[in-house]
Amino acid sequence: MAVSKERKQEVLAIYVEWLKKSQAVILVEYTGAKMKDLDGIRARVRETGGEFHILKNTLARRAFAANGMELPEEYLVKSTAVSFAFSDPASTAKALTESMKGRDYIKVKGGFMSGQILNAAQVKALSDMPPLPVVRAQLLGVLQAPAAKLVRTIAEPARGLAAVIKAFTEKAPAAA
C-alpha cells in the first residue's frame with residue numbers, strides 16, 4: 001500500500017524534530033532480522049529514554065540533511081534502522097549493543113553525536129561508558145573529596161585538644 005505524500009511529510013517532520021532533540025543518533029543495519037528481534041531492541045532502547053525506528057534511506061537522508069548533518073554514503077545503504085538517544089547516549093548505545101549480542105545479522109553502521117560522525121568502533125566505545133547516573137555519582141564523589149578532607153583538617157586540632165583534656169581529666173582523679 002502506497003503512503004501518501006502528506007503522510008511522508010508528517011513522518012519526515014517527526015524525524016527532523018527527533019534529530020534536533022537527540023543527543024546521539026546510531027544507525028544500524030538489520031538485514032535478515034525478524035520483527036521479534038527488532039521489537040526486543042525497540043523495547044530496550046525505549047527503556048533508556050530513546051526511540052528505535054526503521055527508516056527508508058531516502059527519508060533518513062532528507063531528515064539528516066534538514067538538520068545539517070552530513071553522513072557518509074555507506075551509512076545509508078541496505079537496510080537502516082535509527083536509534084535516537086534523547087537523554088543518555090551511553091545507556092542507549094549500551095542497550096542497543098547488548099540487544100545485538102548473538103545476532104550477527106544486526107550490526108552498527110555508525111552514528112552522529114554532538115556534531116561529530118561516529119564510526120562503529122566509536123559507538124562501541126560509547127556503549128562501554130557508564131550510564132549518566134553513575135558518571136554523576138563519580139563526579140559528585142570527586143567534588144566532595146576535597147571538602148571532606150578540609151573538614152577533617154580543620155577539626156583535627158580541636159580533636160587533638162579534646163584528647164589531651166580527656167587524658168588529663170582521667171589522670172587527675174587517679175592522683176588525688
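**Strand E4 and the largest pocket**

Mentor: In this predicted model, strand E1 (residues 24–29) and strand E4 pair in the antiparallel sense over 6 bridges.

Trainee: What makes E1 and E4 count as paired strands?

Mentor: Pairing requires at least two bridges between the strands. E1 and E4 have 6 bridges, so they pair by this definition. Within E4, Lys107 is the bridge partner of Glu29.

Trainee: How do you know that E4 and E5 pair?

Mentor: Strand E5 (residues 116–119) shares 4 bridges with E4, in the antiparallel sense. At least two are needed, and the two strands therefore pair. Gln116 in E5 stands opposite Met113. The hairpin of E4 and E5 has 2 residues between the strands, and Ser114 takes a positive phi near 50° there.

Trainee: Why is E4 called largely enclosed by the rest of the structure?

Mentor: A residue is buried if its relative accessible area is under 20%. In E4 (residues 107–113), 5 of the 7 residues are buried, so the strand is largely enclosed by the rest of the structure.

Trainee: Which helix supplies the largest share of the lining of the largest pocket?

Mentor: Helix H1 (5–21) does, with 6 residues. H1 and helix H3 (57–66) each supply at least two lining residues. The space in this pocket is about 370 Å³.

Trainee: What makes Arg7 a lining residue of the largest pocket?

Mentor: A lining residue has an atom within 4 Å of a pocket point. Arg7 is among the residues that line the largest pocket, so it has such an atom. The lining divides into 5 nonpolar, 2 polar and 4 charged residues.

Definitions and conventions: Residues numbered from 1 in each chain as written. Predicted model: local features only at pLDDT ≥ 70, side-chain atom pairs only at ≥ 80, totals over all residues. Heavy atoms only, no water. Buried < 20%, exposed > 50% of the residue type's maximum accessible area, 1.4 Å probe, protein only. 1 Å grid on protein atoms, 1.4 Å probe; cavity = no way out; pocket = protein on both sides within 12 Å on 5 of 7 lines; lining within 4 Å. Points joined across faces, edges and corners; volume = space filled by probe spheres on them. Nonpolar A, V, L, I, M, F, W, Y, C, P; charged D, E, K, R; others polar.
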